[in-house]
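Trainee: Could you take me through the part of this model that carries the "active site" annotation, one residue at a time? I'd like to know where its residues sit and what surrounds them.

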Amino acid sequence: MPRLQEEGSGPVHGFWMSTVGSARPTETGTVHQPTGLDLAMKLHYIKSVYIYSAETTRDLTVMHVKETFFTVLDQISWITGRLRRRDSGRPFIKCNDCGTRVVESQCDLTVDEWLCAPDRSVDESLVYHQPIGPELAYSPLIYIQMTRFKCGGLAIGFSWAHIIGDPHSLSHFFNLWTRALAGEQIYFPKTSDLERCFQNPNSTGKEPVSIKRVDPVGDLWVAPSNSKMTTYSFNILSGIIWKCIAKSRGEPEPVTITIIRSDPNGLKPRVVRNSQMISSVHVDFSVAEAKLEEIVKAIGKATDERSEINKIGESDDGALDFVVYGAKLTFVDMSEVGFYDAKVKDTSPRSVYCNVQGIGDDGEVVVLPAAVEEEMVVTVTLPEDEIEKVKWELKKCGLIKALINGE
Amino acid sequence: MSPPKMPDLSTSTKHKYVKLGYQYLVNNFLTLLLIPILAYTALELFRMGPEEILNHLNSLNFNLLHILCSSFLIIFVSTVYFMSKPRTIYLVDYSCFKPPVTCRVPFATFMEHSRLNLIDSPKSVEFQMRILERSGLGEETCLPPAIHYIPPTPTMDAARSEAELVIFTAMDDLFKKTGLKPKDIDILIVNCSLFSPTPSLSAMIINKYKLRSNIKSLNLSGMGCSASLISVDVARDLLQVHPNSNAVIVSTEIITPNYYQGKERAMLLPNCLFRMGAAAILLSNRRSDRWRAKYNLCHLVRTHRGAEDKSYYCVYEQEDDESHVGINLNKDLMAIAGEALKSNITTIGPLVLPASEQLLFLTSLIGRKIFNAKWKPYIPDFKMALEHFCIHAGGRAVIDELQKSLQLSAEHVEASRMTLHRFGNTSSSSLWYELSYIEAKGKMKRGDRVWQIAFGSGFKCNSAVWKSNRTIKTPTEGPWSDCIDRYPVFIPEVVKL
């Protein structure tokens, strides 16, 4: 079976696969209809890793972890279903309780040794990722990897198809898991289709620029990208990265960017859905020359394009394929996401990593909260040939001192 | 007298009354004969008057010796009769293992795993899908944790873990229900066909619960899906020899080491049907258990067709071309099961059927032999003798076949079909899940008789008849407690996956 990770070559090895699902059967014939916004995100996947120290998880067995997933998935069994297409080509989820794939692996390093590397892209090998397809009916929407470290620590990595929901949803799902693990009764409210539509009073009716139509990918949902992407991360604040990227790219400058952040007016209580605010910023001036204050002011005036994207996603009855992350240089603000609320034995994870798989050519920057309060983790994903120039620009502003690889 | 071709015409009301009259006449023949005799005697006595009666008695010349000898004779004969009567075997209670939800295998998961495990044999996967669609299983049947891996990881440790999980859970539940102390167990019989480690599973139980050193323990392996009733038979014989004793029977089938990993179609069938299950049963011959026992054992008949090659080879464990071990099910299985059933019925029929049915059957048999072989064989109406039926949930075809052979209604086979749907084919323990279903539905009344029929490799057909000692009140605890309200469900001919 083709796999994106190399087996046996790194410190992470093992890969025993099994399946977890929901505790009770779903009624036959139940389906879940994705909205236009869901369909627009279908070529993207959210990858997220939670690393816990040995003291917290040494006694946590695989069976215990799996049992808790059964409890949580019981409340939200549609994410364990499989995709089908209607005659018109529109994808929907058949709620057949097929389950999510769980992969068990071992790591030869201790948690401390693993977290030494300042470049957190090593966390990518703690996530088992497979794109959806080529057979939709047999592709799990979620992969969960459990990696046991040499010291007894545990990393839980998710590969979560964006069609199901946004990073907030994933974080909420896992937070509920930790609460269930602690023995709490958890409850996931059901969403009605009405709640999932987006009404934007300020809708301009224009074509959204944060989304790009791509050539049909058929049933293998991998975002096409012409450049090989690499990811680097380092501990600094973001905001001036746009300027650095603009400086390094030269002409034509990226004058339009996409900002993805959580919806401040989001529905409570939280459910699993795509509710992230996708807004677009366009400036008329040269970003490389402009003052930082002007750039930040322009970012503040971002226009919400969700309802337009939803409409485009619905067009042709959902049969078209799109790219949102990376269609234009995308900044993803996950600083409000409660990643560190996922407490096991009342202890937050040592480290949380989150990124998106399937990014378009214009690149993406993700800002995450760090384990230490007031600190941020920034992950930058750009075409390989651009990344060195951007690193140089960032060093020039004094934002990064040195990187372990490459310097 | 009605002709033996009764079943064809029984729809007509007139014939119904004739049949009822006939049954009443034959079944109560002795009583009906006794009435005129009593009437005549009473009349005679009235005619004679008291003095004549006294004269008759005096003339018999009873003296003290005669009276004493007669009394001793009567007492002696009664004592011999009561001593030589076989001890009544009581089924005090039983408990069935309810698998944890983490072991659940919905259809979609089974098919997806099948595709990944048999990635080079799409035809075999297609075959499995068709079997599953028509199997009569539901979405809640369970497989042990080792089988949930892709590919399955059937280590010996995993098999032992499964055995410990299913057996100890069932036994703990039995102890709780009956108040039985482990040290009080006199006889322990475990039957598990396909997993036979050393030390045995019965030794495993003795070790876990610290049972007595003089316990009579037995471990039956290789005896197939009908082994539970074989265990009951052995327990019954042991309980005749040992007074004031009890016996615990554990019936199970361990799936982990026996999941077929090859691609031969005839051998993939058990993978689709066999699921996790276990039952623990407490039998006793103590009079003190008479009040709390649920059932008494009335009859137990074992039939073995192994002398015929056809029957012997129809369920056969063997290696395929790639050295994967699996159980090969022959296409003639249904026909052979039908014949085994006929043999069994011939023996158990006379024990349970009322005289009227036996007479009809005998007449039909004689008629077919002597007069005309083309006469339709009379199928005795077992519904007259027995209220409930527990047919081993071996598969949909087995239940269909038996329903047809015994002319049972859908309600009679409901327990079997619903057990197949909820738990799958749990092999030897399935009879106990079915009995549990009948109790959970509140249908078990005092005096009801239950017929348990099991088939197994060999080819064997074993059946037992129990009589209910008391009305079982609902709601009952047990494997059906959380889902009985959803049953019975309609099971379509083909489930579209």
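**The annotated site in chain B**

Mentor: Happily! Let's start with Cys225(B), which is buried because its relative accessible area is 14%, and buried means under 20% (exposed is over 50%, partly exposed in between; 1.4 Å probe, protein chains only). This is a predicted model, in which local features need pLDDT of at least 70 and side-chain atom pairs pLDDT 80 or more, while totals for chains, interfaces and linings use all residues. Residues are numbered from 1 along each chain as written, chains are lettered from A and ligands numbered from 1 in the order written, and side-chain values use heavy atoms, without hydrogens or water.

Cys225(B) belongs to the loop that joins β3 (216–220) to α10 (227–241) of chain B; helices (H or I, at least four residues) and strands (E, at least two) are DSSP runs numbered from the N terminus. Setting aside residues up to four places away in sequence, Cys225(B) touches Phe274(B), His392(B), Ser427(B), Ser428(B), Ala454(B), Phe455(B) and Gly456(B), where contact means heavy atoms within 4.5 Å.

One of those partners, His392(B), shares the annotation with Cys225(B): the unreviewed UniProt entry marks Cys225(B), His304(B), His388(B), His392(B), His421(B) and Asn425(B) as "active site". These residues span 201 residues of sequence and are spread in space too, with up to 28.5 Å between C-alpha atoms. Among them, Cys225(B), His392(B) and Asn425(B) help to line the largest pocket; a pocket is an open set of points on a 1 Å grid with protein on both sides within 12 Å along at least five of seven lines, and lining residues have an atom within 4 Å of a point. Do keep in mind that such annotations may be inferred rather than shown by experiment.

Now for another annotated residue, His388(B), which is found in strand β9 (residues 388–391) of chain B. Its relative accessibility is 10%, so His388(B) counts as buried. Apart from neighbours within four places in sequence, His388(B) is in contact with Ile438(B), Lys443(B), Met444(B), Asp448(B), Arg449(B), Val450(B) and Trp451(B). With Lys443(B) you can look at a particular atom: the side chain of His388(B) reaches the backbone oxygen of Lys443(B) at 3.3 Å.

To put the two side by side, Cys225(B) is in a loop and is buried; His388(B) is in a strand and is buried. Cys225(B) has Phe455(B) and Gly456(B) among its contacts, and those of His388(B) include Val450(B) and Trp451(B).

Methods
1 Å grid on protein atoms, 1.4 Å probe; cavity = no way out; pocket = protein on both sides within 12 Å on 5 of 7 lines; lining within 4 Å. Polar contact = N/O pair within 3.5 Å; in protein donor to acceptor, adjacent residues only side chain to side chain.
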